[in-house]
Every structure is written in C-alpha cells, then in structure tokens.
Amino acid sequence: MRRTMPDHAPLQLEHFLPYRLSILSNTISQAIAREYQQRFHLGMTEWRVLAVLARYDGAGLSARELAARTATDKVAISRALARLIASGRVLRRTHHGDKRRSVLRLSAKGWAIHAVVAPRARAHERELLARLDADERACLTRILDKLLGSVPGAIAAAPEPLISARGMAPPVTAPSRMRG
C-alpha cells in the first residue's frame, strides 16, 4: 500500500513540476543569455522584449501587451523598456487612434541585435531538441501546449507551434521596419 504525503509535509522540490520546469527554463535561458549579455549588454527580459517586438512587429505592442506575451511582471518590462529606449534599441510612439497609448517597435539598432541573437537562440534550441527523437519532440510540444492551455491567464497558443515536431523554429517573416 502506497503512503500519501500529508498536505502539510515539506515539498520535495526536486519532484515538484513547477520547480522542475522553472529550473529547466532558467538553465536553458541562462545558457543562451551568456552570449547576448556579453556582446550586447542585454538582460534576459530585454532580449525577450526585443524578440516579442520582432515577432509581433506589425502590431506595435504596448508595454501591457509585452508583459502579457512574456508572462513577465509589468515593473520588469517597464525597466527593460526604459533601458532599451534609452539605448536606441526600441522606439516608443503614440498610438494614432488613442493618444494615451504608447506603441513600441524595434529600431534599426534593435533589429540588428535581433538579426544576430535570434539565429543563435534557434541554434541553442535545435541543440537541446536534438537530444529527443521526433516522437519525443512532438509529444513535448503537445504536453507543453496542453499544460499552457490549462493554466488560467497563460499566454494563448501561438498560431504556429512554439517547437515544431522536427525541432525547427517556425519560419521568420520579413519585418516591417519603423523609421527612427
């Protein structure tokens, strides 16, 4: 007969799914981050802001939308944006239909950094996923999509998978650049 752990017992973090996912995410992100931190003096949140702005370039996102799409605290997004705007990597404009709303886009400097870092990030992803066979990659994608879909407030599923069954990143479309 299997004994169940009382609810008040200490968590065995090494077996607790949220902890394990966090450790995996942090370890992978930090491995990729070392390159862009050293070369471009970017923090992880700053890189994620650049990547999301590149992905949704035509939309011209607000800081609130960035926070939602990255599942990152609004204060952290605000600080990252302040640094990116000050360094000329992100442009802030007033929304043409709502003067109270800011619209954020990558500058030419931001696109130049993205052009270097994004291929390296995809290469890291391919190296990581190469440890899995095609069935495992497809299963991982289904599991991640299912778990993300079950979490209230989680980022909605992207039109294309985050990780394809082949371990390849979705195709990148040409950006529409904003002057500045």
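**A walk through the chain, with a stop at helix α1**

Of the 180 residues in this chain, 28% count as buried. Keep in mind as you look around that this is a predicted model. The accessible surface of the chain comes to about 12,500 Å², and carbon and sulfur atoms make up 56% of that surface.

Let's start with the overall layout. The chain has six helices and two strands. If you follow the sequence from its beginning, these elements appear in the pattern α-α-α-α-β-β-α-α. How do distant parts of the sequence meet? Among contacts with a separation of 6 or more, 56% involve residues 24 or more positions apart.

Now let's look at helix α1, which covers residues 17-40 and has 24 residues. From its first C-alpha to its last, α1 reaches 33 Å, close to the 34 Å expected at 1.5 Å a residue. Where does α1 bend? The bend is at A33 and amounts to about 35 degrees.

Which residues of α1 are buried? They are S29, I32, A33, Y36 and F40. So A33 appears twice in our tour: α1 bends there, and A33 is among the buried residues of the helix. To read such a list, it helps to know that an α-helix has 3.6 residues a turn, so residues three or four places apart point the same way. What covers the buried residues of α1? The cover includes α2 (44-55) and α5 (108-129).

Our last stop comes just after α1, where H41 takes a positive phi of about 55 degrees.

Key:
Residues are numbered from 1 along each chain as its sequence is written. This is a predicted model: local features need pLDDT of at least 70, side-chain atom pairs count only at pLDDT 80 or more; totals for chains, interfaces and linings use all residues. Side-chain values use heavy atoms; hydrogens and water are left out. Helices (H or I, at least four residues) and strands (E, at least two) are DSSP runs, numbered from the N terminus. Buried means under 20% relative accessible area, exposed over 50%, partly exposed in between (1.4 Å probe, protein chains only). Contact means heavy atoms within 4.5 Å. Accessible areas come from the Shrake-Rupley method with a 1.4 Å probe; for residues, only the protein chains shown count as cover. The expected span of a helix is 1.5 Å times one less than its number of residues. The bend at a residue is the angle between axes fitted to the seven residues ending there and the seven starting there.
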